[in-house]
Amino acid sequence: QVQLAESGGGAVQSGASLRLSCAGRTPGTLIRGWFRQAPGGEREFVAGVSVSDTWYGSSAGGRFTISRDTAENTVSLQMNNLRPEDTAVYYCAAGRKMFSTDAGDYRGWGQGTQVTVSA
């Protein structure tokens, strides 16, 4: 059973950086993805990673970098130059469909980690 947990969120000011981490059990999966969901909004794709590739949603805006530590089976999301519009709960999940940006292709969602960016 795929089961993941996120950590590393917090409250920061605009322009700051945060590094989110995702760890857990991911049997039978090939990719990991980060999504975010703002209050009242839909779950939005942020970034995805396989053992050899990375892909990003428009929300990453060239400011976010996803990375994977295969030995530790962890995935990180480095977020730089944060903006108030980045405020959301960030989730990670795992899947098998390469380059997917669709939340329906992922499973093992954790509780999420809150990121709050003030102006």
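In the predicted model, aspartate 86 has a relative accessibility of 0% and therefore counts as buried. The side chain of aspartate 86 meets that of arginine 63 in a salt bridge, with an N to O distance of 2.8 Å. This pair connects distant parts of the chain, 23 residues apart: arginine 63 sits in the loop between strand 6 (54-56) and strand 7 (64-69), and aspartate 86 in the loop between strand 8 (74-79) and strand 9 (88-95). Arginine 63 is at 9% relative accessibility, under the 20% limit, and so is classed as buried.

The count of salt bridges comes to four. Another of them joins arginine 36 to glutamate 44, whose closest N and O atoms are 2.9 Å apart. Arginine 36 is buried because its relative accessibility is 8%, whereas glutamate 44, with a relative accessible area of 32%, is partly exposed. Lysine 97 and aspartate 105 also form a salt bridge, and here the closest N and O atoms are separated by 4.0 Å. Lysine 97 has a relative accessible area of 52% and so is exposed; aspartate 105, at 26%, is partly exposed. Through shared partners, salt bridges join Arg36, Glu44, Arg63 and Asp86 into one network.

The largest nonpolar core contains 23 residues, and the members that touch the most others are Trp34, Phe64, Leu77, Met79 and Tyr90. Two or more residues of this core come from each of strand 3, strand 5 (44-49), strand 7, strand 8, strand 9 and strand 11 (113-118). Strand 9 makes the greatest contribution to the core, with four residues. A second core, separate from this one, has six residues, among them Ile31, Phe35, Phe45 and Ala93.

Phenylalanine 64 illustrates the surroundings of a core residue. When residues up to four places away in sequence are left out, phenylalanine 64 touches Arg36, Val46, Tyr56, Ser59, Leu77, Gln78, Met79, Asn80, Leu82, Asp86 and Tyr90. Three of the other highly connected core members, Leu77, Met79 and Tyr90, are thus in this contact list. The list also includes Arg36 and Asp86, both of which belong to the salt-bridge network.

The disulfide count is one. The bond is between cysteine 22 and cysteine 92, with an S to S distance of 1.9 Å. The link of these cysteines is right-handed, with 70° about the S-S bond. Cysteine 22 belongs to strand 3 and cysteine 92 to strand 9, so the pair ties together parts that lie 70 residues apart in sequence. Both cysteine 22 and cysteine 92 are buried. In general, a disulfide is a covalent bond between the sulfur atoms of two cysteines.

At the surface, Leu30, Met98 and Phe99 make a nonpolar patch of about 260 Å². Leucine 30 lies in the loop between strand 3 (18-25) and strand 4 (31-37). The relative accessibility of leucine 30 is 41%, which means that leucine 30 counts as partly exposed. Ile31, in contrast to this surface position, is listed in the second nonpolar core.

Serine 58 occupies the loop between strand 6 and strand 7. Serine 58 counts as exposed because its relative accessibility is 73%. The C-alpha atom of serine 58 is 7.3 Å from that of valine 46, the two residues being 12 residues apart along the chain.

Two asparagines stand out in backbone geometry. Most residues other than glycine have a negative phi. Asparagine 73, although not a glycine, has a positive phi of about 55°. Asparagine 73 is in the loop between strand 7 and strand 8 and, at 24% relative accessibility, counts as partly exposed. Asparagine 81 is likewise not a glycine and has a positive phi, of about 50°. The position of asparagine 81 is the loop between strand 8 and strand 9, and with a relative accessible area of 40% asparagine 81 is partly exposed.

How values were computed: Residues numbered from 1 in each chain as written. Predicted model: local features only at pLDDT ≥ 70, side-chain atom pairs only at ≥ 80, totals over all residues. Heavy atoms only, no water. Patch = residues over 30% accessible without salt bridge, like charges linked within 9 Å, V, L, I, M, F, W, Y side chains within 5 Å. Areas by Shrake-Rupley, 256 points an atom, 1.4 Å probe, with all protein chains shown as cover. Buried < 20%, exposed > 50% of the residue type's maximum accessible area, 1.4 Å probe, protein only. Core = buried A, V, L, I, M, F, W, Y, C linked by side-chain atoms within 4.5 Å. Contact = heavy atoms within 4.5 Å. Disulfide = S-S within 2.5 Å.
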